[in-house]
Amino acid sequence: MDRGERRAQGLDRRSVVMGAVACCAAGHAAWAGPEELLPQKGDRLVLGDGAKAGQPVTLDGLPIGGDLVEAVAVDPQGVKREGSRFAKIILVRVAPEQVAEDQRAHAVDGVLALSAICTHQGCTISGWSHETRRLSCFCHHSEFLPAEGGRVAKGPARKRLPVLPLAKGEGGTLMVAGGFTTKPGPGPA
Ligand code: FES
């Protein structure tokens, strides 16, 4: 094998290794795509699943003590922001006084919106206990406190769950008041 062939083989091996690193890092990395794929200020929220998918999210539909609700942001042109799973939103409701003081500006009457993507390895969060006021991820059992800015209550996740600031819309609907407070998806604490 001459020098050229050895170099080519070395490069090939390196690109395989680099490719693998890129692949796995991308699988567990925080959001790095265009901001417009994520919820933006001025969007309205609609239900993300079930028989009522696409209908506006309303305060009446989110009773205190109720279940976690999946939501999707809709831009001012009426297009759902669902081009990336990092845009997924979950909503829960607690009593307004249970929301930490520094989070009250982001909540509407106790309703809190957060990223649905676990900050450990990116599973979709689907567990909610009103009793403990914790969201949980069933992949490796991390728990988060939505009323405390998505703080981690139990690992292995180390990074808080991004909060999506909310505003009240017409007729008790919910609007997005700003982008996620931190980048959605796995990442350093
Ligand atoms: S991906 Fe959620 S706890 Fe591991």
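Let me begin with Ala 53, which sits in the loop between β1 and β2. Before going further, I should state that this is a predicted model. Ala 53 has a relative accessibility of 39%, so it counts as partly exposed. Setting aside residues up to four places away in sequence, Ala 53 touches Leu 47 and Gly 48. Its C-alpha atom is separated by 9.1 Å from that of Val 72, a residue 19 positions away along the chain.

I turn next to the largest pocket. Its volume is about 220 Å³. Which residues line the largest pocket? The lining consists of Leu 47, Asp 49, Lys 52, Gln 55, Pro 56, Val 57, Thr 58, Gly 61, Leu 62, Leu 68, Val 69 and Glu 70. By character, these residues divide into 6 nonpolar, 3 polar and 3 charged. Leu 47, named a moment ago as a contact of Ala 53, is thus one of the lining residues.

Two further members of that lining, Val 57 and Leu 62, lead us to Leu 174, since both appear among the contacts of that residue. Leu 174 belongs to strand β11, which covers residues 174-176. Is Leu 174 buried or exposed? Its relative accessibility is 0%, and Leu 174 therefore counts as buried. When neighbours within four places in sequence are left aside, Leu 174 is in contact with Arg 44, Leu 45, Val 57, Leu 59, Leu 62, Val 108, Val 111, Leu 166, Ala 167 and Gly 169. As for distance, Leu 174 and Asp 43 lie 131 residues apart in sequence, while their C-alpha atoms are 9.0 Å apart in space.

Let me now move to aromatic pairs. How many does a search of the whole structure find? The search returns 1 aromatic pair. It is formed by Trp 31 and Phe 86, whose ring centres are 5.4 Å apart and whose planes meet at 50 degrees, so the pair is classed as tilted. Trp 31 is located in the loop between α1 (3-27) and β1 (44-47), and Phe 86 in the loop between β2 (69-74) and β3 (89-93); the pair therefore ties together parts that are 55 residues apart in sequence. Both partners fall under the 20% limit for burial: Trp 31 is buried at 8% relative accessibility, and Phe 86 is buried at 16%.

My final topic is salt bridges. In general, side chains of opposite charge can pair when their charged atoms come close. Here, a search of the whole structure finds 4 salt bridges, and I shall describe some of them.

One joins the side chains of Lys 168 and Asp 109, with an N to O distance of 3.2 Å. Lys 168 lies in strand β10 (residues 166-168) and Asp 109 in the loop between β3 and β4 (111-115), so this pair ties together parts that are 59 residues apart in sequence. Lys 168 is partly exposed, with a relative accessible area of 49%, and Asp 109 is likewise partly exposed, at 35%.

Another salt bridge brings together the side chains of Glu 143 and Arg 134, at 2.7 Å from N to O. In this pair, Arg 134 is partly exposed, its relative accessible area being 29%.

A further salt bridge links the side chains of Glu 148 and Arg 151, with 2.6 Å from N to O. Glu 148 is partly exposed at 33% relative accessible area, and Arg 151 is partly exposed at 37%.

Technical notes:
Residues numbered from 1 in each chain as written. Predicted model: local features only at pLDDT ≥ 70, side-chain atom pairs only at ≥ 80, totals over all residues. Heavy atoms only, no water. Helix = DSSP H or I, 4+ residues; strand = E, 2+ residues; numbered from the N terminus. Buried < 20%, exposed > 50% of the residue type's maximum accessible area, 1.4 Å probe, protein only. Contact = heavy atoms within 4.5 Å. Phe/Tyr/Trp six-rings, centres within 6.5 Å; stacked < 30°, edge-to-face > 60°. 1 Å grid on protein atoms, 1.4 Å probe; cavity = no way out; pocket = protein on both sides within 12 Å on 5 of 7 lines; lining within 4 Å. Points joined across faces, edges and corners; volume = space filled by probe spheres on them. Nonpolar A, V, L, I, M, F, W, Y, C, P; charged D, E, K, R; others polar.
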